[in-house]
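Thanks for sharing this one with me. Below are my notes, point by point, to read alongside the coordinates.

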Amino acid sequence: MLHIQPVEEKIIWEKFLFENAPVFYPLFQSWNWGEVQKSLGFEVIRLGLFENKSLVGVCQIVDVNARRGHYLHLRHGPILSPFDSKHFAFFIDHIKRLALSKNASFIRMSALVEEKFVDHTMLSKMGFRNAPIHRMDAEVCWVLDITKPEDEILANMRKSHRYLIRRGLTDKNLKITQTKHLTEIEKFLPLYESLSQRKHFVPHRGVREEFRVFGAENQEVLFFAEFEKKIIAAALIAFAGNTAIYRHSASDDNYRNIPAMYLIQWHAIQEAKKRGVKLYNFWGIAPDVSSRHPWSGLTLFKTGFGGEKKEFLRAQDLPLSLNYWKTYAIDSIFKKLKGY
């Protein structure tokens with residue numbers, strides 16, 4: 001018999017994630033991500049799906065009540081074992097009733113299921129439709145197997161990447177450091193703000209809070225590149241489950257000819273290997289090689305390190321009221337303006 005009840009113990013939650021998402025860690029379903037959302041003022045609901053007394057699924061839900069719409073957000077969730085129609089439908093039916101009780105106009109879901117395994121017919125029958133937003137949860141990402149020796153990883157990189165890393169390693173004026181100290185995030189944020197203005201994007205909300213929560217448990221590290229004792233680039237890398245994740249980065253455009261970010265990535269890969277991590281996730285890339293996509297340059301940078309593309313289920317919306325179409329229109333316009 002299936003039933004749903006809250007999960008209130010972190011150790012139980014994280015154990016389930018580790019055992020049932022061993023390859024691609026669902027960062028946005030992690031307990032700590034929920035704590036980040038709480039610190040930003042969101043209500044977080046953690047539900048467990050039980051079959052008799054066995055935990056067979058979890059879903060962390062964030063109640064988002066923004067100007068553009070009120071919805072329940074299931075980022076990277078739910079996580080089910082097994083991920084089949086019976087368990088999925090039971091879970092979603094419960095979440096749907098929860099959403100209606102909160103007067104939410106829709107549910108937005110981006111379950112971390114590889115696209116090739118998605119049952120689109122099932123989703124359609126349940127009322128889900130493709131969300132009109134651009135790919136916000138790295139549904140198309142670039143991953144690298146780092147269980148191989150360092151020499152082999154380097155050999156499989158694009159020739160230019162390999163050259164720039166080696167050039168950086170021999171530059172005595174270029175130094176890479178890493179830290180978990182919360183106060184150091186203040187050195188990163190001005191670079192990040194400058195990048196957002198230069199590239200015309202809205203900075204991710206909660207970077208400071210994310211580093212505070214994850215860094216306190218040694219799950220996030222800040223890497224800095226200093227050139228002649230001046231910080232010219234930085235990256236925030238998460239380490240969770242068997243995965244290292246390239247979360248955020250920024251650099252000083254005045255030093256774009258210095259291979260700082262290439263060297264940061266190499267040091268992050270080395271740190272991941274020291275931690276016994278198996279997969280390095282470079283996070284989102286453009287869905288195709290179109291030079292017109294806003295992420296085309298970033299995609300070229302990430303893919304040059306070697307690895308492969310992985311595609312996951314595109315974000316899905318389950319409309320619950322006519323108010324959903326207001327959000328749909330706003331998101332569609334935003335997507336068109338940004339060129340996604």
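**Notes on the fold and a few residues**

1. Overall size first. The protein chain has a radius of gyration of 21 Å, which agrees with the value near 20 Å that a compact globule of 340 residues would have. Please keep in mind throughout that this is a predicted model. Along its principal axes, the C-alpha trace spans about 65 × 45 × 40 Å.

2. Next, the secondary structure and how the chain is packed. I find 11 helices and 15 strands in the protein chain. Of the contacts with a separation of 6 or more, 73% are made by residues 24 or more positions apart. Buried residues account for 52% of the 340 in the chain.

3. A word on the surface and the charges. The accessible surface of the protein chain is about 16600 Å², and carbon and sulfur atoms supply 52% of that area. The side chains include 49 positive and 37 negative ones, with the centres of the two sets lying 4 Å apart.

4. You may wonder about the cysteines: how many disulfides are there? The count is zero. A disulfide is a covalent bond between the sulfur atoms of two cysteines. For Cys-59, the closest cysteine sulfur is that of Cys-141, and at 20 Å it is too far for a bond, given that a disulfide needs the sulfur atoms within 2.5 Å. The search from Cys-141 leads back to Cys-59, again at 20 Å and too far for a bond.

5. Are these two cysteines buried or exposed? Cys-59 counts as buried because its relative accessibility is 0%, and Cys-141 counts as buried because its value is 1%. The cut-off for buried is under 20% relative accessible area.

6. I would also invite you to look at Asp-331, which sits in helix H11, residues 324-338. With a relative accessibility of 5%, Asp-331 counts as buried. Which residues does Asp-331 contact, once its neighbours within four places in sequence are left aside? They are Arg-68, Arg-108, Pro-132 and Ile-133.

7. Finally, follow one of those partners, Pro-132. Pro-132 lies in the loop that runs between strand S7 (129-130) and strand S8 (140-145). Pro-132 is buried as well, since its relative accessible area is 6%. Where the loop meets the helix, a useful pair to display is Pro-132 and Ser-332: they are 200 residues apart in sequence, yet their C-alpha atoms are 5.3 Å apart in space.

Technical notes: Residues numbered from 1 in each chain as written. Predicted model: local features only at pLDDT ≥ 70, side-chain atom pairs only at ≥ 80, totals over all residues. Heavy atoms only, no water. Helix = DSSP H or I, 4+ residues; strand = E, 2+ residues; numbered from the N terminus. Rg over C-alpha atoms; globule rule 2.2 N^0.38 Å. Buried < 20%, exposed > 50% of the residue type's maximum accessible area, 1.4 Å probe, protein only. Contact = heavy atoms within 4.5 Å. Areas by Shrake-Rupley, 256 points an atom, 1.4 Å probe, with all protein chains shown as cover. Lys, Arg positive; Asp, Glu negative; His and termini not counted. Charge placed at Lys NZ, Arg CZ, Asp CG, Glu CD.
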